[in-house]
Amino acid sequence: MPNIYVLVDLCMVPLGTATPSVSDFVAIVEDKIRHSPLKSTLHSAGTTIEGPWDEVMTLIGELHEYAHEQGYARIHTDMRVGTRTDKHQTAADKVKTLESKIVKLNETK
């Protein structure tokens with residue numbers, strides 16, 4: 001596996017459930033993520049998980065296995081994967097940078 005730090009924006013959705021709501025599914029998946037040693041941030045459309053590539057990808061596989069063990073027969077997952085080599089940057093760092101730039105934009109108005 002690659003030895004690189006990664007940010008993965010993850011959205012897992014069960015298919016073929018009896019209800020259009022996915023909050024019960026999201027709750028069990030998010031609980032599993034929070035019990036991992038990896039840093040994560042829940043947001044309205046998924047979760048950002050960050051850490052070494054192999055650990056993040058292993059966790060995503062484990063999330064699928066766990067969800068299937070909980071009775072979900074089919075799961076669709078969308079991921080956006082970000083890496084960079086020029087500096088180490090966390091998800092919180094990225095938000096802080098943008099917030100700072102927004103403040104500067106408003107100072108010039």
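The following questions and answers concern a predicted model of a protein.

Residues are numbered from 1 along each chain as its sequence is written. In this predicted model, local features need pLDDT of at least 70, side-chain atom pairs count only at pLDDT 80 or more, and totals for chains, interfaces and linings use all residues, while side-chain values use heavy atoms and leave out hydrogens and water.

Me: In what order do the elements of the protein run from the N terminus on?

Reply: Helices (H or I, at least four residues) and strands (E, at least two) are DSSP runs, numbered from the N terminus. The protein has three helices and four strands. From the N terminus on, their order is β-α-β-β-α-β-α.

Me: What is the radius of gyration of the protein?

Reply: The radius of gyration is taken over C-alpha atoms, and the globule rule is 2.2 Å times the number of residues to the power 0.38. The C-alpha atoms fill a box of roughly 55 × 35 × 20 Å along the principal axes. A compact globule of 109 residues would have a value near 13 Å, but the protein has 16 Å.

Me: Which residue forms a salt bridge with arginine 80?

Reply: A salt bridge is a side-chain nitrogen of Lys or Arg within 4 Å of a carboxyl oxygen of Asp or Glu. For arginine 80, the closest N and O atoms of the pair are 3.2 Å apart. The pair links distant parts of the chain, 71 residues apart: arginine 80 is in strand β4 (residues 74-82), and its partner is in strand β1 (residues 5-15). That partner is aspartate 9.

Me: Is aspartate 9 buried or exposed?

Reply: Buried means under 20% relative accessible area, exposed over 50%, and partly exposed in between (1.4 Å probe, protein chains only). Arginine 80 counts as exposed because its relative accessibility is 61%. Aspartate 9 has 18% relative accessibility, so aspartate 9 counts as buried.

Me: Which residue of helix α1 meets arginine 34 in a salt bridge?

Reply: The side chains of this pair meet at 3.0 Å, N to O. Both residues lie in helix α1 (residues 23-34), four residues apart, about one turn of the helix. Arginine 34 is exposed at 55% relative accessibility, whereas its partner is buried, with a relative accessible area of 7%. The partner is glutamate 30.

Me: Which element gives the most to the largest nonpolar core?

Reply: A nonpolar core is a set of buried Ala, Val, Leu, Ile, Met, Phe, Trp, Tyr and Cys residues joined through side-chain atoms within 4.5 Å. The largest one has 17 residues, and among those that touch the most other members are Val8, Phe25 and Leu63. The elements giving two or more residues to this core are β1, α1 and α2 (53-69). With six residues, the element that gives the most is α2.

Me: What percentage of the contacts with a separation of 6 or more is between residues 24 or more positions apart?

Reply: Contact means heavy atoms within 4.5 Å. Leaving aside neighbours within four places in sequence, valine 8 is in contact with residues including Thr47, Ile60 and Val81. In the protein, residues 24 or more positions apart account for a share of 71%.

Me: How many Å apart in space are serine 100 and threonine 58, C-alpha to C-alpha?

Reply: Serine 100 is found in helix α3 (residues 91-107). Serine 100 is partly exposed, with a relative accessible area of 36%. Serine 100 and threonine 58 are 42 residues apart in sequence, and their C-alpha to C-alpha distance is 34 Å.
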